[in-house]
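Thanks for coming, everyone. I'll keep this short. Have a look at the chain on the screen, and then I'll walk you through it.

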Amino acid sequence: MRKRDDEKNKREIFKALSLILQIGLSILVCMAMSMGIGYYLDKLFNTRFIILIFMVIGFLASIRSMLVLTGKYKPGQMHKDEEQKEDQTDSD
């Protein structure tokens, strides 16, 4: 019995570490891509503010990605109130 508990704990630790790695990589990729695009556009148009705009966009994208990975937000899913309203209108 003890051996099964140890294996279960190891699996849970591995899942937690992989989730942390996924979150870190998704934040890094979102920020790097948006800052790269902003930097390129700044050089193209000879400005200095586009990178800041894209940095904010990258930050928001990384937060959304983190919420999707943790299960707090599921794309395409409506809120329960909206679903209930649709169900009521469909039944009428």
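**Asn-46 and its surroundings**

Start with Asn-46, which counts as exposed because its relative accessibility is 71%, and the cut-off for exposed is over 50%. Before going further: this is a predicted model.

Where does Asn-46 sit? In the loop between α1 and α2. Its position is just after α1. Now the backbone. Phi of Asn-46 is near 55°, a positive value, and the residue is not glycine. For context, most residues other than glycine have a negative phi.

Step back to the whole chain. There are three helices and zero strands. Along the sequence the pattern reads α-α-α. The chain has 92 residues, and 10% of them count as buried. Its accessible surface is about 8200 Å². Carbon and sulfur atoms account for 63% of that surface. Then contacts. Take those between residues at least 6 apart in sequence: 46% of them join residues at least 24 apart.

Next, helix α1. It covers residues 2–45, which is 44 residues. How far apart are its end C-alpha atoms? They are 64 Å apart. At 1.5 Å a residue, the helix should span 64 Å, so the two values agree.

Which residues of α1 are buried? Ile-23, Ser-26, Ser-34, Gly-38 and Asp-42. What do they pack against? The buried residues of α1 pack against α2. Keep in mind that an α-helix has 3.6 residues a turn, so residues three or four places apart point the same way.

On to helix α2, residues 50–70. I'll take two residues here, Ser-65 and Leu-60. Ser-65 lies in α2. Is Ser-65 buried or exposed? Buried, because its relative accessibility is 17% and the cut-off is under 20%. Leave aside its neighbours within four places in sequence, and Ser-65 is in contact with Ser-26 and Cys-30. Ser-26 you have already met, among the buried residues of α1.

Leu-60 is in α2 as well. Leu-60 is exposed, with a relative accessible area of 52%. It also belongs to a nonpolar surface patch. Which residues make that patch? Val-56, Phe-59, Leu-60, Ile-63, Leu-67 and Tyr-73. The patch area is about 520 Å².

To recap α2: Ser-65 is buried, whereas Leu-60 is exposed. And in the loop before it, Asn-46 has that positive phi.

That's my part done. Over to you.

Methods
Residues are numbered from 1 along each chain as its sequence is written. This is a predicted model: local features need pLDDT of at least 70, side-chain atom pairs count only at pLDDT 80 or more; totals for chains, interfaces and linings use all residues. Side-chain values use heavy atoms; hydrogens and water are left out. Patches are made of residues with over 30% relative accessible area and no salt bridge: like charges are joined within 9 Å, nonpolar side chains (Val, Leu, Ile, Met, Phe, Trp, Tyr) within 5 Å. Accessible areas come from the Shrake-Rupley method with a 1.4 Å probe; for residues, only the protein chains shown count as cover. A salt bridge is a side-chain nitrogen of Lys or Arg within 4 Å of a carboxyl oxygen of Asp or Glu. Helices (H or I, at least four residues) and strands (E, at least two) are DSSP runs, numbered from the N terminus. Buried means under 20% relative accessible area, exposed over 50%, partly exposed in between (1.4 Å probe, protein chains only). Contact means heavy atoms within 4.5 Å. The expected span of a helix is 1.5 Å times one less than its number of residues.
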